[in-house]
Amino acid sequence: MQYIADWATPDRKRLVVLSPGTLKVFWKHRQRLFWHSEAGGVLIGKRRGKHLEVLLASEPMPTDRRAQFMFEREPDGHLDFAKAAWRAAGYELFQAVNSYA
């Protein structure tokens, strides 16, 4: 299956660009078979005008609750991930784009 690296509205006025690292996290934790548990995490990126650039995605944490049809992210681990990304970027303002599941 081929993944795309961006999504846009039909008029291309709003665009979401996903980094290769983000796509790798998505691919690694996809629900391959119907009985596999859902997974999710936190997306971190930058706003570029009307557009979003997703640079990082956290991996599911052991404390997260996962089941076949649901995912509940717990703050443990994901918050540390976000803080580490912020420090690595020289305390540049990142935005938590959203959770993914």
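## Arginine 14 and the positive patch

In this predicted model, arginine 14 sits in the loop that joins β1 (6-8) to β2 (15-18). Its relative accessible area is 51%, so arginine 14 counts as exposed, the cut-off being over 50%.

Arginine 14 also belongs to a group of charged residues: together with Lys13, Arg47 and Lys50, Arg14 forms a patch of positive charge on the surface.

## Overall fold

The protein contains seven strands and two helices. Followed along the sequence, these elements appear in the order β-β-α-β-β-β-β-α-β. Of the 101 residues in the protein, 29% are buried.

## The nonpolar core

In soluble globular proteins, nonpolar side chains tend to be buried together. The largest nonpolar core here has seven residues: Leu18, Leu23, Val25, Phe26, Leu43, Val54 and Ala57. Two elements, α1 (20-28) and β4 (51-57), each contribute at least two residues to this core. The greatest contribution comes from α1, which provides three residues.

## Salt bridges

Side chains of opposite charge can pair when their charged atoms come close. The protein has four salt bridges in total. One of them joins glutamate 59 to lysine 28, with 3.3 Å between the closest N and O atoms. Glutamate 59 lies in the loop between β4 and β5 (65-67), whereas lysine 28 belongs to helix α1; the pair therefore ties together parts that are 31 residues apart in sequence. Glutamate 59 is partly exposed, at 29% relative accessible area, while lysine 28 is exposed, at 52%.

Another salt bridge links the side chains of arginine 48 and glutamate 53, with an N to O distance of 2.8 Å. Both partners are partly exposed: arginine 48 has a relative accessible area of 45%, and glutamate 53 has one of 24%.

## A salt-bridge network

The side chains of arginine 65 and glutamate 74 also meet in a salt bridge, at 3.4 Å from N to O. Here the two partners fall into separate classes of accessibility. Glutamate 74 has a relative accessibility of 19% and therefore counts as buried, the limit being under 20%. Arginine 65, at 45%, counts as partly exposed.

This pair is part of a wider arrangement, since salt bridges link Arg65, Glu72 and Glu74 in a network.

Methods
Residues numbered from 1 in each chain as written. Predicted model: local features only at pLDDT ≥ 70, side-chain atom pairs only at ≥ 80, totals over all residues. Heavy atoms only, no water. Patch = residues over 30% accessible without salt bridge, like charges linked within 9 Å, V, L, I, M, F, W, Y side chains within 5 Å. Areas by Shrake-Rupley, 256 points an atom, 1.4 Å probe, with all protein chains shown as cover. Lys, Arg positive; Asp, Glu negative; His and termini not counted. Charge placed at Lys NZ, Arg CZ, Asp CG, Glu CD. Helix = DSSP H or I, 4+ residues; strand = E, 2+ residues; numbered from the N terminus. Buried < 20%, exposed > 50% of the residue type's maximum accessible area, 1.4 Å probe, protein only. Core = buried A, V, L, I, M, F, W, Y, C linked by side-chain atoms within 4.5 Å.
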